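Colleague: Could you take me through one part of this model in detail? I'd like to hear about the largest nonpolar core, and which residues have the most contacts inside it.

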Amino acid sequence: MSGVPGEPVLRVEGLRTVFETPRGTVTAVADMDLSVHAGETVAVVGESGSGKSAFAYSIIRLVQSPGRVAAGRVVLGGRDILPLDEDAMRDIRGREMAMVFQEPSTSLNPLMPVGAQIAESILLHEKGVTKAQARTRTLDLLRLVGIPAPERRVDEYPHQLSGGMRQRIVIAMALACRPALLLADEPTTALDVTVQAQVLDLIDGLKAELGMGVVLITHDLGLVADHAQRVAVVYAGRKVEEGPVEQVLADPTHPYTRALLACRPDPWQDVSEPLVEIPGVVPPPLALPPGCAFAPRCVRAEPACSEIRPTLDAIGPGRQVACLVASRERAAA
């Protein structure tokens, strides 16, 4: 599996998330499995519309109506949290697992000082903590996430901080109660390249220091190479490949994974040459073909690919792929 000993912090089994629409039921996440161990980052990768964010929102139970988690298990710390009511989930969010969202401004209250927002999470989840103790903890968190002059910044409002510092504040809020699992949904999309690196390096350092498991939702395979130990590639709501990062990036098996890697900009490429792109788009969930959803865009597709939906097959230690052609070729090798 991951090579990380012990029971996983998170184990997702057969997760299925659907949305009821006037045109029918849309399956956004289809029978997804994933495990994450303490001190490990697992990246979930795919294009926009692939279902990766819906997967993260399903894990933390933030899917809004008309969406719902229709099947599966989400085992956190040995307990399936899907049957729990919303009161129990509010206690778990922030205390046992937390989420860093793509745009920090959506997570911060513009009318409250940032320090008060961090302290609020501590006071909510940890009984018996005084306001003075929560403020001291907040200052410690600001130092931990690299906020300069924390004694001054603690009383500032979100609009007084840069985008990079706001994202650090959001991370401090997520880590306030030292959760076992951190979900990071495209946490650096709105930031410039330099700040992106700083924020992801920060998450890496905190993961090691606090012993967290991290699920990194991203479309950027460069970030995956630098910051994850395992990667799950998803397409049209299904996992199509999974394995150790260095193996998947060096020897991608699924045609979709290969196509994603081919789209990465090459710093040595002549600027006059067009960038490689995957033809077509992710199919609408209500118009998925009966076979492999990637078949209409796949350069290696065979007639059977349009009719038979591939299952995830093991192709080596800790590696899986859902592709009729790739599985056959691996078996024959």
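Modeller: The largest nonpolar core has 39 residues, and Ile-118, Val-145, Ile-169, Ile-171, Leu-182 and Ile-203 have the most contacts inside it. By nonpolar core I mean buried Ala, Val, Leu, Ile, Met, Phe, Trp, Tyr and Cys residues joined through side-chain atoms within 4.5 Å, with buried being under 20% relative accessible area (1.4 Å probe, protein chains only). Keep in mind that this is a predicted model: local features need pLDDT of at least 70, side-chain atom pairs count only at pLDDT 80 or more, and totals for chains, interfaces and linings use all residues. Residues are numbered from 1 along each chain as its sequence is written, and side-chain values use heavy atoms, leaving out hydrogens and water.

Back to the core: at least two residues each come from β6 (97-100), α3 (114-125), α4 (131-144), α6 (163-175), β7 (181-185), α7 (193-210) and β8 (213-218). These are DSSP runs numbered from the N terminus, helices being H or I with at least four residues and strands E with at least two. The top contributor is α6, with 8 residues. Domain 1 (10-96 + 179-332) and domain 2 (108-177) both chip in, so the core lies between them; those bounds come from an automatic or database assignment.

Zoom in on Ile-203: setting aside neighbours within four places in sequence, Ile-203 touches Ile-171, Leu-182 and Val-214, contact meaning heavy atoms within 4.5 Å. A separate core of 32 residues lies apart from this one, and includes Val-9, Val-74, Ala-232 and Val-234.

Methods
Buried means under 20% relative accessible area, exposed over 50%, partly exposed in between (1.4 Å probe, protein chains only).
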